[in-house]
Amino acid sequence: MKLLMEGGSGGQGGGQGQQAGNVIHVTPQEKEAIDRLAALGFPKPMAVEAYLACDKNEELAANYLFERQMEENLLGEGQFQAGGNQGGNNNQQGGGNNNNQQ
């Protein structure tokens with residue numbers, strides 16, 4: 001996915017050897033918002049996705065990214081699946097170790 005700024009210096013420039021793919025046109029202000037989201041430590045493609053999914057609302061996109069990161073951390077890296085097994089293993093904490101208390 002490539003970002004192209006609108007209102008630039010005419011033409012698309014640098015088109016040599018580029019593969020066909022998704023191109024998103026953004027204004028300089030939108031690019032700055034995406035850069036700020038990426039500066040929070042998120043990969044740029046994820047920042048772009050969140051920004052666009054949240055109707056170009058930077059604050060909402062940041063909240064979305066942090067919540068998604070928190071869910072991934074709770075479920076284990078690489079195991080985040082929308083609508084997956086949420087709450088299926090809640091009984092593992094302290095499982096069976098209560099007999100050692102006196």
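Here are some numbered notes on this structure, which is a predicted model.

1. **The overall layout.** Start with the big pieces: the protein chain has three helices and two strands. If you walk along the sequence, they come up in the order β-β-α-α-α. The chain has 102 residues, and 16% of them count as buried. About 8,200 Å² of the chain is exposed, with carbon and sulfur atoms supplying 43% of that area. As for contacts with a separation of 6 or more, 22% are between residues 24 or more positions apart.

2. **The core.** Which residues touch the most other members of the largest nonpolar core? They are Ile-34, Leu-37, Tyr-51, Ala-61 and Leu-65, out of 14 residues in that core. Strand β2 (23-26) and helices α1, α2 and α3 each put in at least two residues. Helix α2 gives the largest share, with four residues.

3. **The aromatic pair.** You'll find one aromatic pair here. Its partners are Phe-42 and Phe-66, set edge-to-face, with 5.2 Å from centre to centre and 70 degrees between the planes. Phe-42 sits in the loop between α1 (28-39) and α2 (44-53), while Phe-66 is in helix α3, so the pair ties together parts that are 24 residues apart in sequence. Are the two rings buried or partly exposed? Phe-42 counts as buried, at 7% relative accessibility, whereas Phe-66 counts as partly exposed, at 38%.

4. **Salt bridges around Asp-35.** Side chains of opposite charge can pair when their charged atoms come close. The count of salt bridges in this model is six. Take Asp-35, which pairs with Lys-31, their closest N and O atoms being 3.0 Å apart. These two are four residues apart in helix α1, so about one helical turn separates them. Asp-35 also meets Lys-44 in a salt bridge, at 2.7 Å from N to O. Put together, Lys-31, Asp-35 and Lys-44 are linked in a network. Each member counts as partly exposed: Asp-35 at 27% relative accessibility, Lys-31 at 26% and Lys-44 at 35%.

5. **A salt bridge in helix α3.** Have a look at Glu-72 and Arg-68, which form a salt bridge with the closest N and O atoms 3.5 Å apart. Both lie in helix α3, four residues apart, or about one turn of the helix. Glu-72 counts as partly exposed, at 24% relative accessibility. Arg-68 has 19% relative accessibility, so Arg-68 counts as buried, the cut-off for buried being under 20%.

6. **Two unusual loop residues.** Most residues other than glycine have a negative phi. Asp-55 has a positive phi of about 55 degrees, although it is not a glycine. Lys-56 isn't a glycine either, and has a positive phi of about 60 degrees. Where do you find them? Asp-55 is in the loop between α2 and α3, and Lys-56 lies in that loop between α2 and α3 too. Asp-55 counts as exposed, at 69% relative accessibility, while Lys-56 is partly exposed, at 40%.

7. **A nonpolar patch on the surface.** Finally, check out Met-70, Leu-74 and Leu-75, which make a nonpolar surface patch of about 330 Å². Leu-75 belongs to helix α3 (residues 58-75). With a relative accessible area of 33%, Leu-75 is partly exposed.

Terms used: Residues numbered from 1 in each chain as written. Predicted model: local features only at pLDDT ≥ 70, side-chain atom pairs only at ≥ 80, totals over all residues. Heavy atoms only, no water. Patch = residues over 30% accessible without salt bridge, like charges linked within 9 Å, V, L, I, M, F, W, Y side chains within 5 Å. Areas by Shrake-Rupley, 256 points an atom, 1.4 Å probe, with all protein chains shown as cover. Salt bridge = Lys/Arg side-chain N within 4 Å of Asp/Glu carboxyl O. Buried < 20%, exposed > 50% of the residue type's maximum accessible area, 1.4 Å probe, protein only. Phe/Tyr/Trp six-rings, centres within 6.5 Å; stacked < 30°, edge-to-face > 60°. Contact = heavy atoms within 4.5 Å. Core = buried A, V, L, I, M, F, W, Y, C linked by side-chain atoms within 4.5 Å.
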